[in-house]
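Thanks for coming. I will go through one structure this morning, starting with a hairpin and working outwards from there.

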2 protein chains.
Amino acid sequence: MAIEIEKKFLLKYLPSSLLTNGILIRQGYMVNEKERVVRIRLAGDKAFLTIKGITCNAARKEYEYPVPQQDAKEMLQLFCKEPLIEKTRYHVEFKGFEWVIDQFSGDNQGLVVAEIELDSVDQVFEKPDWIGKEVTHDSGYFNSNLIKNPYSTWQIK
Amino acid sequence: MAIEIEKKFLLKYLPSSLLTNGILIRQGYMVNEKERVVRIRLAGDKAFLTIKGITCNAARKEYEYPVPQQDAKEMLQLFCKEPLIEKTRYHVEFKGFEWVIDQFSGDNQGLVVAEIELDSVDQVFEKPDWIGKEVTHDSGYFNSNLIKNPYSTWQIK
């Protein structure tokens with residue numbers, strides 16, 4: 001079990017030159033409730049089953065297990081509520097921290113977010129130029145909400 | 001992925017002399033819907049996360065993954081709806097088939113069922129003397145239902 005502490009930001013602009021070696025992610029949810037999330041994720045040639053608990057500040061309990069890719073494909077098709085989340089994930093190093101940039105496609109085309117994982121909620125880190133407004137606590141940007149209300153349908157962006 | 005074909009029976013009497021090496025099972029459900037089940041099971045010193053699909057005849061799609069025992073204990077406590085299912089499981093060989101006998105405890109104390117796994121829905125097998133009425137399709141005996149309506153509360157048994 002891991003406690004996951006993440007902060008999520010919008011981008012002022014896309015640092016295109018840094019976006020290399022993207023991995024295509026397709027994920028769906030078997031459970032998508034406030035108290036519990038069961039997620040199936042295909043990430044490149046790997047696949048994972050992930051269980052997450054309730055969000056408390058920026059921390060949440062997370063359990064993740066690798067599963068066979070074929071199982072994940074079947075489970076995504078059989079058990080998950082449409083539409084799936086599709087995004088390309090990039091990893092960018094900046095001043096000792098790794099940023100994860102998710103560029104969405106499909107129903108969430110146009111949305112790009114950057115996340116940083118921290119050891120504690122108040123850990124100090126420096127933001128790159130291209131980092132914009134923090135949206136960690138804005139539930140609209142939760143992947144689990146982007147299924148119900150995809151970015152392409154938002155009136156205000 | 002496996003297609004699971006099981007038949008479930010009540011017992012005419014308990015074949016006590018055959019009930020050796022029982023394994024205590026504790027399990028809970030993160031999702032417990034008709035279309036999808038996510039189950040966490042502690043079985044002796046092992047633990048499993050299991051995903052099951054919709055029942056069609058006696059067959060259903062099942063995906064099962066071993067998980068660390070400590071993770072399972074935490075997930076049972078954090079994410080599952082009470083009460084848990086508790087039962088002791090015994091394996092009994094009879095004429096080339098393995099029967100699984102589940103003797104329930106806790107809120108389902110008094111209930112005992114026997115299950116046989118088959119290769120096809122119409123595979124022929126011989127029943128031991130102690131096998132009673134078939135309840136494969138009686139949803140009251142599904143583990144997922146025994147959480148909502150435990151055996152101890154049944155008016156007619």
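**From one hairpin to the dimer**

In chain A, strands E2(A) and E3(A) are joined by a hairpin through four residues. Before I go on: this is a predicted model.

The two strands of that hairpin, E2(A) and E3, the latter covering residues 37-43, pair in the antiparallel sense over seven bridges. To find the register on the screen, look for Ile25(A), which stands opposite Ala43(A) in E3(A).

Which other strand pairs with E2(A)? Strand E6, residues 85-94 of chain A, pairs with E2(A) in the antiparallel sense, over five bridges. Two pairs of residues fix the register here. Arg26(A) stands opposite Glu86(A) in E6(A), and Leu24(A) has Thr88(A) as its bridge partner in E6(A).

From E6(A) we can step on to strand E7, residues 97-105 of chain A; these two pair in the antiparallel sense over nine bridges. Arg89(A) has Asp102(A) in E7(A) as its bridge partner. E6(A) and E7(A) also form a hairpin, with two residues between them. Lys95(A), in that turn, has a positive phi of about 50 degrees.

Now the chain as a whole. Chain A contains two helices and nine strands. Read from the N terminus, the order is β-β-β-β-β-α-β-β-β-β-α. The C-alpha trace spans about 40 × 30 × 30 Å along its principal axes. For 157 residues, a compact globule would have a radius of gyration near 15 Å, and chain A agrees with that, at 15 Å. Of those 157 residues, 24% count as buried. As for the contacts in chain A with a separation of 6 or more, 58% of them are between residues 24 or more positions apart.

On to the second copy. Two copies of a chain are related by a rotation about an axis and a shift along it. Here, a turn of 180 degrees and a shift of 0.0 Å along the axis lay chain A on chain B with an RMSD of 0.0 Å. That is the relation of a two-fold axis. The same surface serves both copies, with 100% of the contact residues of chain A recurring in chain B. Which residue of chain A comes closest to the rotation axis? It is Val31(A), with its C-alpha at 3.5 Å.

The interface puts 17 residues of chain A in contact with 17 residues of chain B. On the side of chain A that touches chain B, the elements giving two or more residues are strand E2 (23-32), strand E4 (46-52), strand E5 (59-66) and helix H1 (69-79). H1(A) provides the largest share of that side, five residues. By type, the residues on that side of chain A are twelve nonpolar, one polar and four charged.

In soluble globular proteins, nonpolar side chains tend to be buried together. The largest nonpolar core in this model has 42 residues. The members that touch the most other members are Met30, Val31 and Val38, from both chain A and chain B. Take Val38(A) and set aside residues up to four places away in sequence. Within chain A, Val38(A) touches Tyr29(A), Met30(A), Val31(A) and Ile51(A). Across in chain B, Val38(A) touches Met30(B), Val31(B) and Val38(B).

Two more places to look at, both in loops.

Most residues other than glycine have a negative phi. Asn21(A) has a positive phi, near 55 degrees. Asn21(A) sits in the loop between strand E1 (2-11) and E2 of chain A. Is Asn21(A) buried or exposed? Asn21(A) is exposed, because 8 other C-beta atoms lie within 10 Å, and the cut-off for exposed is 12 or fewer. In chain B, Asn21(B) likewise has a positive phi, of about 55 degrees.

The other place is Phe125(B), in the loop between strand E8 (112-117) and strand E9 (131-134) of chain B. Phe125(B) counts as exposed, with 12 other C-beta atoms within 10 Å. Beyond its neighbours within four places in sequence, Phe125(B) is in contact with Phe97(B), Ile116(B) and Leu118(B). Lys81(B) is 44 residues from Phe125(B) along the chain, and their C-alpha atoms are separated by 37 Å.

That is what I have; I can put any of these residues back on the screen.

Technical notes
Residues numbered from 1 in each chain as written. Chains lettered and ligands numbered in written order. Predicted model: local features only at pLDDT ≥ 70, side-chain atom pairs only at ≥ 80, totals over all residues. Least-squares fit on C-alpha atoms with pLDDT ≥ 70 in both. Contact = placed C-beta atoms within 7 Å. Nonpolar A, V, L, I, M, F, W, Y, C, P; charged D, E, K, R; others polar. Rg over C-alpha atoms; globule rule 2.2 N^0.38 Å. Buried ≥ 20, exposed ≤ 12 C-beta atoms within 10 Å, placed from the backbone. Pairing = 2+ DSSP bridges. Core = buried A, V, L, I, M, F, W, Y, C linked by C-beta atoms within 7 Å.
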